[in-house]
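User: Please take a close look at the enclosed space inside this protein, and then at the helices and strands around the rest of the fold.

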Amino acid sequence: MTSDPRVKDAGRLSVEERVVVLEEARQASALVLTMVYQDGTTQMDPEQKLVPLVCGVLVLLKKDLEQTGPGLEERLAPGDSVVYLRLEQNPAWAQSHPDHNLDLFTREMLLQATSGSQLVVCYKAKELLRTALQHQRPHLQWKQVSSCQIQDPQVAAWLLDPADPSSCFSDLLSKHYRRPPALGASKVSQVLSSLSLLYRLNMELQSKLQAQELWELYFNLELLMIPVLAAMESHRIHVDKEALRRTSQMLGAQMKQLEQEAHQAAGQMFLVSSSTQLRTVLFEKLRLQHRCENKNLPKTLNKQKHSTSEATLLQLQDLHPLPRIILEYRQVHKIKSTFVDGILSCMRGKVRTQGGFTQPISESFISSTWHQTSAVTGRISAKHPNFQALPRQPVKITKKQYVQGKEPEVVTVHPRSMFIPQDGCTFLAADFCQVELRLLAHLSSDPELLRVFHSPQTDVFTTLASQWKGVNKNEVSSEDREHAKRIVYSVVYGAGRERLSGILGVSAEQAGHFQDSFLHCYREVQTFIHSTIQQCHKQGYVVSIMGRRRTLPHVHSADWAIRMQAERQAVNFVVQGSAADLCKMAMIRIFTTVSTSTSLSARLLAQLHDELLYEVDDSQVEEFAVLVKNTMESLQHIDCLGVHLKVPLKVAVSSGKSWGSMSELHLPQTSHSSSS
DNA sequence: AGTCTTTCCGTCAGG
DNA sequence: TCCTGACGGAAA
């Protein structure tokens, strides 16, 4: 890489030459970047199993934007130059020949790319940003890159077609621009032409976004999410590792015991974790299905076999002791494998290089990877671990004591309580209350639903339950309220009465009755569903409040089931996608405010769709809570994207010394809560 | 024929 | 009913 004459190796430039290159970078009309890994691949090569270590960054400095001509697409234009920045793996104090001028140059170049005002392009920009933040720590702070607007073809292509599984660079090239160049040339030549093509591809995607009216969403929302996500990944959450280890051991013992009980109840040995083997025991050996013919036992989705799901086992639990044991086993198994051992395994395997030696370390900090382009609805998702799926409620486990005169011991396990703030800090969570339902009220303009949200001091689902049941608000039980919630969402997302009856535990007839009465009470909701489907049929796609779109080719399918599914997806997308828009905008607004403040230091740790989790200095909790609440509720009106909601937004803020024990923070009323 | 890897399915945590 | 990701077993 560094022996090619077309590439300027920063390490071999003189101090004077570096000054010139830096000035050139500042004057360049565009910068195109890619990370280079130790195995010689770049960000534009197809994904590998194990992400190789980063060894440097290649920067293409484009002097002139409008250079076109035969053959120029994949070759360097005259006046363009390429600089290679080697990223030193060792800290400065451990280097044999520290070159402080080179460190400074690298830092300045990265700063120019991440906070400069000219056009910057990078495929998978979030990875580059996160690497820069980690590598330059503590010299490059996340606040410094908050205004960064690196363009990313992966994000652009996803907005154009969110259903397309985020494809590799060469797939994007052939889909949106032209055939990728044939292999054969040297690796350096390939990389250089890829950089040129990356620039061209970006220009092509830019005009496609403009043509589809997606440019504003891209530029004002999705691009600004990149630094937010990069910063979120570079903040680590403290985990009580010892508590996790103890819990793992305890759950292991509990599983062994439940396994024995299951074998005894079944009268044979079998693999308790296998749904196939359990099916054989329950329905071929014990023949439990014959003893509950009045009930409608669920079947598996593909091959119409008896299901062994939770719903089935709950129906069978009075006939035999086995189903209850299995339910408990599954609960313990899920907690142990995914939320205790799973989390522990995400903390291992990281390596830190120290004085030339690479040694495995086991820190008690963790950070997820956040994905911007993996959900069709525009939501973000998390992996390794999946922070968005940690159990909300603690789980009770009864340990039977085989000692005379001892009562069974009840232990509660709560994975969220393993996450704790750093010393002197507090967790603060901000939750958008019933965003999807509020958006439904806005989208449908249903007068009754709007009225519910405009009358303050009432719980929405309680009001809904009282309206549709025709009883007084204080006569509504918590069960009624829960039912109201289920009914609302089942209607909006097109669930049949069968499905609803399964969830509520009532007859299908009664479930159907509930649905009818809901739609009768809120007529415009029905109209909204119909018009959304109609619009999808007419133009082939649907749009969220901020202009996010999803094309649904299957609405034209001749197959009834396929077509109906596409129609449900259309309705769901408009509501869920709009909620995603709002939540992203909230993250960006808060990020910008904190970044431009000299005193605030709150860090975003996680996003749980409609909830944001921050780590805040103890002394700033109140101030930040007010800021977050006001910022989020003010999103009722967003001028730059033309959003004006007919409903007020409500945000609940809570804080605590562990993620498992958060209590609501009651703040003074603000002006937004009574706006109309 | 036994072992390894990959893919699919069922189940369940979240919203 | 929609949208995710993780895990373990079964099949390929």
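Analyst: The cavities come before the helices and strands below. This is a predicted model, in which local features need pLDDT of at least 70 and side-chain atom pairs count only at pLDDT 80 or more, while totals for chains, interfaces and linings use all residues. Residues are numbered from 1 along each chain as its sequence is written, chains are lettered from A and ligands numbered from 1 in the order in which they are written, and side-chain values use heavy atoms, with hydrogens and water left out.

Rolling a probe the size of a water molecule over the atoms shows where empty space is left. Here a cavity is a set of points, on a 1 Å grid over the protein atoms alone, where a 1.4 Å probe fits but cannot get out; lining residues have an atom within 4 Å of a point. Grid points are joined across faces, edges and corners, and a volume is the space filled by probe spheres set on the points. A search of the whole structure gives three cavities of 30 Å³ or more, and the largest has a volume of about 90 Å³. Its lining consists of 13 residues, with W142, F591, R603, L604 and Y614 nearest the centre. Two or more lining residues come from each of α7 (215–234), α19 (560–596) and β18 (603–607); helices (H or I, at least four residues) and strands (E, at least two) are DSSP runs, numbered from the N terminus. Helix α19 gives the largest share, four residues. By class the lining has 11 nonpolar, one polar and one charged residues, where Ala, Val, Leu, Ile, Met, Phe, Trp, Tyr, Cys and Pro count as nonpolar, Asp, Glu, Lys and Arg as charged, and the others, Gly among them, as polar.

Helix α19 is also a packing partner of α20: the buried residues of α20 pack against β15 (425–432), α19, β19 (611–617), β22 (651–656) and β23 (663–665). Those buried residues are V621, F624, A625, V628, K629, T631, M632 and E633; buried means under 20% relative accessible area, exposed over 50% and partly exposed in between, with a 1.4 Å probe and protein chains only. The 13 residues of α20 (621–633) should span 18 Å at 1.5 Å a residue, and the end C-alpha atoms are 18 Å apart, which agrees. The expected span is 1.5 Å times one less than the number of residues.

Strand β22 contains S654, which counts as buried at 17% relative accessibility. Leaving aside residues up to four places away in sequence, S654 touches F427, L428, A429, M662, S663, E664 and L665, contact being heavy atoms within 4.5 Å.

Elsewhere, eight of the eight residues of strand β2 (30–37) are buried. In a regular strand the side chains alternate between the two faces of the sheet. In β2, A30, V32, T34 and V36 are buried on one side, and L31, L33, M35 and Y37 on the other. Two strands pair if DSSP finds at least two bridges between them. Strand β2 runs antiparallel to β3 (54–62), with eight bridges, M35 being partnered by V57. It runs parallel to β5 (119–122), with four bridges, and A30 is partnered by L119.

Terms used. On a 1 Å grid over the protein atoms alone, a cavity is a set of points where a 1.4 Å probe fits but cannot get out, and a pocket is an open set with protein on both sides within 12 Å along at least five of seven lines; lining residues have an atom within 4 Å of a point.
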